[in-house]
Structure formats: C-alpha cells, structure tokens
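Here are my notes on this one, set out as numbered points. Have the model open while you read.

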Amino acid sequence: MELAMIDNYAVGGRTPLHRASTISKVFFTCILFLGILRAESCRELLLPFALAVGVLLLSRFPLARLFPLLFLPAFFGGVFALGRLGFEAGPSPILAVGKAVLTAFSLLLLLLTTPLPKILALLGAILPPFLVNALYFTYRSFFLLWEGVDNLLLIYKLRGGYSPQALFTNLLRMGPVLGVLVLHSLESMEGFSWTLALRGGGTNLGENRIWEGFGWEDLYPLLLGIILLVVIL
Amino acid sequence: MFLLTHLHIPDGVIPSFWLVAGFVLTGVILALALYKTRGEEAICSLPRLGVMAGVMLLVMSLPLGFLPVHLNMSVLAGIILGPWLAFIAAFTVNTLLALVGHGGITALGLNSLIIGLEAILGSYIFRGLSRRVAIIPAAAGATAIALLVSLTLLVGLMTVIHIDPLLLVEHHHGEETEEEIATLLEPKGYHIHASGSGEGGNTPWGYFLSLILPLGLLGAALEATAVALVVAFLAKVRPDFLLGRQPGERS
C-alpha cells in the first residue's frame with residue numbers, strides 16, 4: 001500500500017527538504033497549489049511542474065515509484081474533463097488532467113518529505129482537537145489493520161478462498177473476512193477506550209509541536225516559494 | 001482503481017464557487033456532528049472512529065478481483081458508529097486520501113459531503129428498516145438507497161457546476177418568460193429546448209452519464225452485498241457493535 005511506502009520514506013529520509021521545517025514546506029506546497037490552480041493554459045503549468053519535479057529529484061525519491069500514485073488523479077481528471085466536453089466554460093481536458101495530476105504531485109511531495117504526525121500537528125492550529133485526534137487514530141489504525149488484513153488474506157488465499165477471476169465469489173467471502181477484521185479491531189480498541197476515559201480528552205494525542213525553528217534548510221523551500229509567488233503575481 | 005459508487009473529484013475541474021460551497025456545507029455539518037458527539041463519550045469513541053475510518057481506507061486499497069474497483073464501507077461506518085461519528089470518519093478518510101492524491105484537496109469539502117451524507121443516510125435508513133425487516137435486507141437496503149442517493153447527488157453536482165450561479169442571482173422574480181428561465185437554468189453551452197429536452201442525445205455529457213450510471217448501479221449492488229454480509233456476521237457475534245452503541249450497551 002502506497003501510504004506505508006510514503007510514510008517510510010517521509011520518516012527515513014535525510015535530504016535537506018526532509019530536514020526543513022513543516023511550516024516552510026507547507027508554505028511552498030501552498031504556493032505551488034496557487035500556481036497550478038491559477039494556470040489558464042498548459043504553458044502556465046510548466047513552471048510549477050518544473051519546480052516540483054526538480055525538488056523531488058533533489059529529494060532523491062525515485063520518480064518512477066510515483067507514477068502509480070498519479071494514475072488515479074489523472075484518471076479522475078480525465079473522467080471529469082470528459083463530462084465538461086461540449087461546454088463553453090471550464091478548462092480544456094489536457095489542462096484539467098494536468099492540474100489534477102500536478103496538485104496531487106505537490107501534495108505527495110509534502111507527504112514524502114514530512115511525517116504525517118507533523119502535518120497533523122500543524123492542522124491542530126486550525127482544526128478542533130477531536131478532529132486532529134481522529135485523523136491521528138485513523139492513520140495509526142490503518143497500519144494496524146493493514147498488518148492484520150495481510151495475514152488474514154494470506155490464510156484466505158492458502159485455503160483457496162480467493163480467485164482473481166471470481167469477482168462475485170470473492171465478494172461473498174470477503175464479507176465474513178472483513179467482519180472478522182472489524183470485530184478484532186473494535187474489540188482490541190475497547191481497552192484503549194477505557195484508557196482514554198481515564199486520561200481525559202481535550203489535548204492532541206499526536207505531536208503537539210508546531211514551531212520547529214528555522215534552519216538553513218528552510219531557505220530552500222522558502223526561496224522557491226517566494227520566487228514562484230512573484231512569478232504568479 | 002476507482003470507486004463505483006462515487007468519483008473522487010480532483011483539483012482544478014470544479015469552479016471555485018462550488019468548492020467553497022462544499023467546504024461551507026461540510027464545515028456546518030462537521031460542527032453539528034462535533035456538537036452532537038461532545039463530551040466524554042466522544043473521547044471514548046475515538047478508537048472506534050479511527051478503526052472504522054481505517055477500515056474505509058483499507059477497503060479502498062483492496063481490489064475486487066480483476067476489475068480495478070473497490071468498496072467504500074461508508075454505510076457500514078454509519079451503522080457501527082452512528083450518523084455523526086460516521087460523518088467525521090468520512091471527513092478524516094477524505095483528508096488522508098486527498099493528501100495522497102486520491103481526490104483533490106480543494107474538493108475535500110465536496111468529496112466529504114458526498115461520502116459523509118452516504119454514511120448519515122445509511123445509518124438512519126438502517127435504523128428504520130431494522131425495526132421492520134431482518135438485519136441482512138435492512139443493511140443491504142440501507143446501503144443501496146444511500147449509495148443511489150449519493151450517486152444522484154454527484155450527477156446533480158456535475159450538472160449544476162456548469163451553471164453560473166451569478167446568473168441565478170441577477171434575474172428578477174416573476175418578470176421572466178419561460179424561455180428566459182430555460183436560458184438561465186441551462187448549463188453554459190448546452191441548449192435546452194422549450195419542450196425541456198436537451199439538444200443532442202449523444203453529447204459528451206450523455207456519454208459521461210451512460211458510463212457512470214451503470215457502473216454506479218453495479219457498485220451499489222456490490223457494496224450492498226458486502227455490507228449486508230459484514231453486518232450479518234457482526235449481528236451474530238457482537239450485536240452491541242451495531243447502531244452506534246457503546247460496547248456492552250444493550251438496545
């Protein structure tokens with residue numbers, strides 16, 4: 001699952017962009033977004049695209065591994081562009097797909113260089129604590145469930161329950177498999193519910209630190225963001 | 001892979017007015033959900049919310065055989081968590097999906113609205129149906145109805161985004177003729193005749209609908225089956241997990 005791969009790279013990376021603070025990287029991502037969404041022609045998308053690809057290459061992430069992640073935004077962008085064909089208003093199909101892919105690319109760039117708990121800590125400045133905790137729990141639960149479903153699916157396949165061609169049979173058998181997974185997960189969380197009741201709520205469960213201080217690594221996304229902002233405006 | 005019952009709206013294809021409206025509406029419903037679930041019980045429900053949101057994220061990663069399609073489980077979240085926590089779960093799932101490019105970040109409001117309303121509707125319909133029929137048909141019926149409503153919402157959204165809302169504000173009530181009303185309501189560039197029929201049954205919009213609607217109906221059927229099977233299993237083993245009850249709470 002790509003979330004596991006992205007998380008692993010974000011936490012394990014040691015490039016200058018990884019060491020930059022979350023605020024400066026979010027600033028750069030927001031300016032990239034602005035540049036992409038304001039673009040009214042494919043030519044105007046070239047600068048944000050070049051910056052994003054350049055930064056990603058400097059972060060030493062293999063670009064080819066991103067292509068499967070970019071397939072979905074390209075697909076949905078194409079579907080929605082198809083829906084707009086024949087209407088006077090709205091972007092051309094190529095521009096629509098380009099914008100969808102590039103915005104996804106910008107966010108992936110942020111996620112590949114910043115551990116998700118740090119992004120959630122920043123979101124804590126604007127979202128209520130309950131929502132931030134819900135995001136943190138979802139993120140944590142996903143990895144626990146992924147490990148559980150991996151083992152469950154292995155057992156299921158070893159016992160002959162799964163076939164790539166038998167869509168309907170897979171579906172009939174997937175129900176109880178998911179039921180077991182949901183049941184075990186909910187039961188294992190019951191004890192944690194009591195812990196939270198004792199602990200009380202109101203504070204973030206994940207990382208609380210928003211301000212990490214600025215270092216020389218922050219110049220890199222900040223300067224790129226400022227240059228792009230000047231060009232856009 | 002894509003979700004048959006709805007499309008993850010990407011960035012850059014929807015006009016800003018509708019994106020802002022999506023965020024405002026989602027914000028209002030989120031505020032209501034947080035108000036309804038405030039207090040110590042809400043804190044204790046966090047792990048269950050996280051698990052169900054994690055399940056939603058997980059099933060979106062599991063393909064159903066050779067077809068590049070996946071389930072959703074928003075209605076299952078509504079049945080287990082209750083309507084308001086399920087809406088919050090839908091929002092968290094969409095936020096995390098948007099961060100990995102599965103749906104746009106600017107369209108987060110609209111995407112959350114569609115999936116969240118599925119969960120809320122599914123929860124209420126299940127509650128109503130389970131008092132009248134057995135668990136399996138209640139779960140299947142609730143899922144099918146909720147998903148069909150959300151598909152209708154999506155198609156409706158894709159229609160109205162072509163209408164300039166400022167035109168609707170500028171017209172004067174009672175003074176326009178039927179033709180003027182038709183002109184105001186027609187999507188830009190798509191001509192509606194006075195009889196109400198659209199021009200050209202084979203427009204790209206028509207192709208779009210003819211592609212999405214059958215897939216949506218198939219998706220609703222598959223999802224209804226899967227949710228009914230999961231709910232049937234839980235009803236046998238741990239019925240206290242259904243209908244947003246706290247563990248150990250009896251009906």
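1. Let's start on the surface of chain A. Leu47(A), Trp216(A), Leu219(A), Leu223(A), Ile227(A) and Val231(A) together make a nonpolar patch of about 630 Å². Bear in mind that this is a predicted model, so the patch, like everything below, is computed from predicted coordinates.

2. Which element gives the patch its largest share? That would be helix α10 of chain A (residues 219-232), with four residues. As general background, an α-helix has 3.6 residues a turn, so residues three or four places apart point the same way.

3. Trp216(A), another member of the patch, sits in the loop between α9 (167-199) and α10 of chain A. Is that Trp216(A) buried or exposed? Its relative accessibility is 60%, so Trp216(A) counts as exposed, the cut-off for that being over 50%.

4. Next, helix α3 of chain A, residues 22-38. I checked its length: at 1.5 Å a residue, the 17 residues should span 24 Å, and the end C-alpha atoms are indeed 24 Å apart, so the two agree.

5. A good part of the α3(A) story is about burial. The buried residues are Thr22(A), Ser24(A), Lys25(A), Phe28(A), Thr29(A), Ile31(A), Leu32(A), Phe33(A), Gly35(A) and Ile36(A). What do they pack against? Their partners are α2 (16-19), α4 (42-58), α6 (93-113), α7 (116-123) and α10 of chain A. Note that α10 turns up here as well, having already supplied four residues to the nonpolar patch.

6. On to charges. How many salt bridges does a search of the whole structure find? Two, over all chains. In one, the side chains of Glu187(A) and Arg238(B) meet at 2.8 Å, N to O. That pair crosses between chains, running from helix α9 of chain A to the segment after α9 (204-237) of chain B.

7. In the other, Arg238(B) meets Asp240(B), with 3.0 Å from N to O. Glu187(A), Arg238(B) and Asp240(B) are thereby linked in a network of salt bridges.

8. It's worth looking at how covered each member of that network is. Glu187(A) has a relative accessible area of 32%, so it is partly exposed. Arg238(B) counts as buried because its relative accessibility is 17%, and Asp240(B), at 13%, counts as buried too. The cut-off for buried is under 20%.

Technical notes: Residues are numbered from 1 along each chain as its sequence is written. Chains are lettered from A and ligands numbered from 1 in the order in which they are written. This is a predicted model: local features need pLDDT of at least 70, side-chain atom pairs count only at pLDDT 80 or more; totals for chains, interfaces and linings use all residues. Side-chain values use heavy atoms; hydrogens and water are left out. Patches are made of residues with over 30% relative accessible area and no salt bridge: like charges are joined within 9 Å, nonpolar side chains (Val, Leu, Ile, Met, Phe, Trp, Tyr) within 5 Å. Accessible areas come from the Shrake-Rupley method with a 1.4 Å probe; for residues, only the protein chains shown count as cover. A salt bridge is a side-chain nitrogen of Lys or Arg within 4 Å of a carboxyl oxygen of Asp or Glu. Helices (H or I, at least four residues) and strands (E, at least two) are DSSP runs, numbered from the N terminus. Buried means under 20% relative accessible area, exposed over 50%, partly exposed in between (1.4 Å probe, protein chains only). The expected span of a helix is 1.5 Å times one less than its number of residues. Contact means heavy atoms within 4.5 Å.
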